[in-house]
Amino acid sequence: MITLARNYRSAAPVVSLATAVIERTPRRRRRPLEAQIARGPQVIRHLVANEHAEAEVIAAEIERAVGGMSLLTSGATRAANAHDEDEPALAFHDIAVLTRLQVQADVIEEALGRASIPCQRADDESFSARPHVGDLLARLRRAIERGNRQPLADAVLTLDPHTAIDPRRQRAVELLATLALPFGHDLDAFLEAVAVGRDVDLAQSPQRVSLLTLHASKGLEFPLVFIAGCEDGLLPLRLPGLPLPMSRKSAVCSTWA
């Protein structure tokens, strides 16, 4: 028997916390796990009353991490946090909020919106399944067939003059235009890339906080990560098909790189 007991990717604080959680799993054989990276991110736990309070804590911590969204950011809040203020402020795309279920992100997205914090949701589904993407691609095909000679990225941006009315449609236009940049005028190659691309491949887009499920976040790395809903029954998820205890006290865990 060969036991894989060395972790070469995560630092000691993360490995120690993860091991403590995993050891509570019933009928799981204990085995040692040693981090080869001694120093690493801080792990901070915030105990909150419910998912709404949790979302507000996340929004406030993100605001503090990027240096404040307004002059209302309190010096006391900044001083109370364990993060070293001598470090440069993070950008929005340096931050991710992870949830066990997609539905958990609804409340968090609303809280970030109230705080004027730009964010994007991504999962492991095909990018073409996003709202408005199919319609926009059909419009793009018709525009090219009718003689539009613009580069694809420019053509996407001029598809719909009413885009600004619908934020989700506007976001789809922006993402399609960004994806189209390297393809120039090659419509077939662009359509193929959209068809096989996953929504999560767009994570860490410029100046947006990423809202991801734990499953979709595999392989990605961020300087600051929040794990929402750290409560019994949700992490790990148990009793499928039954109502989740969303109103019970839970914790949000944040890690600083």
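Q: In this predicted model, what is the sign of phi at G67, which follows α2?
A: The phi of G67 is positive, near 100°.

Q: How do you know that the span of α2 agrees with its number of residues?
A: Helix α2 covers residues 51-65, which is 15 residues. The expected span is 1.5 Å times one less than the number of residues, so for α2 it should be 21 Å. The C-alpha atoms at the two ends are 21 Å apart, and therefore the length agrees.

Q: Which residues of α2 are called buried, and why?
A: They are E51, E54, A55, I58, A59, E61, I62, E63, R64 and A65. They are called buried because each has under 20% relative accessible area. Across the chain of 257 residues, 37% count as buried.

Q: What makes the pair formed by N50 and H52 at the start of α2 a polar contact?
A: A side-chain oxygen of N50 comes to within 3.0 Å of the backbone nitrogen of H52. The cut-off for such an N or O pair is 3.5 Å, so the pair falls inside it.

Q: Why does the pair formed by N7 and R9 count as a polar contact?
A: A polar atom of the N7 side chain lies 2.9 Å from the backbone nitrogen of R9, and the limit is 3.5 Å, so the pair counts. N7 itself is in strand β1, residues 6-11. Beyond four places in sequence, N7 touches V15, L33, E34, A35, Q36 and I37.

Q: Where does pLDDT stay under 50?
A: That stretch is residues 71-83, with 18 contacts beyond four places in sequence in the model. Where pLDDT is low, the predicted coordinates should not be read in detail. The chain average is 79.

Methods:
Residues are numbered from 1 along each chain as its sequence is written. This is a predicted model: local features need pLDDT of at least 70, side-chain atom pairs count only at pLDDT 80 or more; totals for chains, interfaces and linings use all residues. Side-chain values use heavy atoms; hydrogens and water are left out. Helices (H or I, at least four residues) and strands (E, at least two) are DSSP runs, numbered from the N terminus. Buried means under 20% relative accessible area, exposed over 50%, partly exposed in between (1.4 Å probe, protein chains only). A polar contact is a pair of N or O atoms within 3.5 Å; within protein, one must be able to donate a hydrogen and the other to accept it, and residues adjacent in sequence count only if both atoms are side-chain atoms. pLDDT is the predictor's confidence in each residue, from 0 to 100. Contact means heavy atoms within 4.5 Å.
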